[in-house]
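Work through the following exercises with the sequence and the model side by side. Each task is followed by a solution that goes step by step.

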Amino acid sequence: MNGLKRRAAEPELMDDLSSGGAGLREALRHLRLLNRIFGASGPTLYGVRRIWEEAGRPKRFTILDIGSGSGDVNRSLLQWADRHRIGLTITLSDITEEACEEARLLYKREPRIQVVRQDLFQLPEGCADIVTATQFVHHFPSEELPQVVQQLLFASRMGIVIHDIHRHWLAWLAVWLVTRSISRNRYIRHDGPLSVAKGFRTAEWKTLSESIVASNLSVIWRPLFRYVVTAHKSENVPSAIRHGDAGGKDRTNV
């Protein structure tokens, strides 16, 4: 730990795609409780509403949630769509079969949800109106982030919503305490506090904005210790960045 002055570089346990199984599925279930405690769905909904309003409030649109885990934050999006009578369909995409299985179980009676096992760097161009990444991009090293954001833009038609963690000692302490109060799962206890240490500060988002083709990133701080980053699709977004080019792998959202 470096006092949170710099982003932690240690990989999370969930980044090891050779492990998983029952322990990972349990972690995904416990993560849903953590997301409720810390209000994780609110910032994502806030960002989606911004893109939707600036696009003219279409009555029908699609979302791709990349690195979705079990996709629980999307329930608030469906409820919001119901209130506004919007025809919303959501694709949940994750690279692990455990996450896909949990998502299919969670949404087994929801026809508006599709679950696919897919890698970020294999997404086709313009495959969804809005691409969301909730608590996902912090899994990547800083030097890979421009490629990650560029790929999210490439896969979208309207724009992207990135929701991730504000790296702050108070957030770290809260997550450390809560994870040890609610779970004995090794993924949750290790990755929860580490995900805060791998989070971001405003200056880092500014640096990221300056390093990618789409310079229209909007960075907004939201409770509780969250950032919502939105960007509209630009005609200047380059061709897709394939898996080996970015040097990273798709991760789940912890």
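**Exercise 1.** Determine whether Cys-100 is buried or exposed, and establish how many disulfides the whole structure holds.

*Solution.* Cys-100 has a relative accessible area of 1% and is therefore buried, where buried means under 20% relative accessible area, exposed means over 50% and partly exposed lies in between, with a 1.4 Å probe and protein chains only. Cys-127, by contrast, has a relative accessible area of 32%, so this residue counts as partly exposed. A disulfide is a covalent bond between the sulfur atoms of two cysteines. When such a bond is taken as a pair of cysteine sulfur atoms within 2.5 Å, the search of the whole structure finds zero.

Before going on, note that this is a predicted model, in which local features need pLDDT of at least 70 and side-chain atom pairs count only at pLDDT 80 or more, while totals for chains, interfaces and linings use all residues. Residues are numbered from 1 along each chain as its sequence is written, and side-chain values use heavy atoms, with hydrogens and water left out.

**Exercise 2.** State what the mean pLDDT of the protein chain is, and what holds for residues 240-252.

*Solution.* The pLDDT is the predictor's confidence in each residue, from 0 to 100. Its mean over the protein chain is 91, and 90% of the residues reach 70 or more. Over residues 240-252, however, the value is below 50, although this stretch has 50 contacts in the model beyond near neighbours in sequence, a contact being heavy atoms within 4.5 Å.

**Exercise 3.** Work out the strand order of the sheet, and find which strands lie at its edges.

*Solution.* Helices (H or I, at least four residues) and strands (E, at least two) are DSSP runs numbered from the N terminus, and two strands pair if DSSP finds at least two bridges between them. Seven strands form an open sheet of mixed pairing, in the order 3-2-1-4-5-7-6. The edge strands, each pairing on one side only, are strand 3 (113-117) and strand 6 (218-222). Within the sheet, strand 1 (residues 60-66) and strand 4 (residues 128-134) pair in the parallel sense over three bridges, and Ile-63 stands opposite Ile-130 in strand 4.

**Exercise 4.** Explain why helix 5 is largely enclosed, and identify what covers its buried residues.

*Solution.* Helix 5 (residues 145-155) is largely enclosed by the rest of the structure because ten of its eleven residues are buried. Among them are Leu-145, Val-149, Leu-152 and Phe-154. The cover over these buried residues includes strand 1, strand 4, strand 5, helix 8 and strand 7.

**Exercise 5.** Locate Thr-96 and find which residues it is in contact with, leaving aside its neighbours within four places in sequence.

*Solution.* Thr-96 sits in the loop between strand 2 (87-94) and helix 4 (97-106), and with a relative accessible area of 9% this residue is buried. Its contacts, once those neighbours are set aside, are with Leu-17, Leu-24 and Arg-117.

**Exercise 6.** Find where the backbone has a cis peptide bond, and what phi is at Arg-57 and Gln-135.

*Solution.* Most residues other than glycine have a negative phi, and most peptide bonds are trans. A cis bond joins Pro-223 and Leu-224, with omega about -15 degrees, and Leu-224 lies in the loop between strand 6 and strand 7. Arg-57, in the loop between helix 2 (41-54) and strand 1, has a positive phi near 55 degrees. Gln-135, in the loop between strand 4 and helix 5, has a positive phi of about 50 degrees, and at 4% relative accessibility Gln-135 counts as buried.
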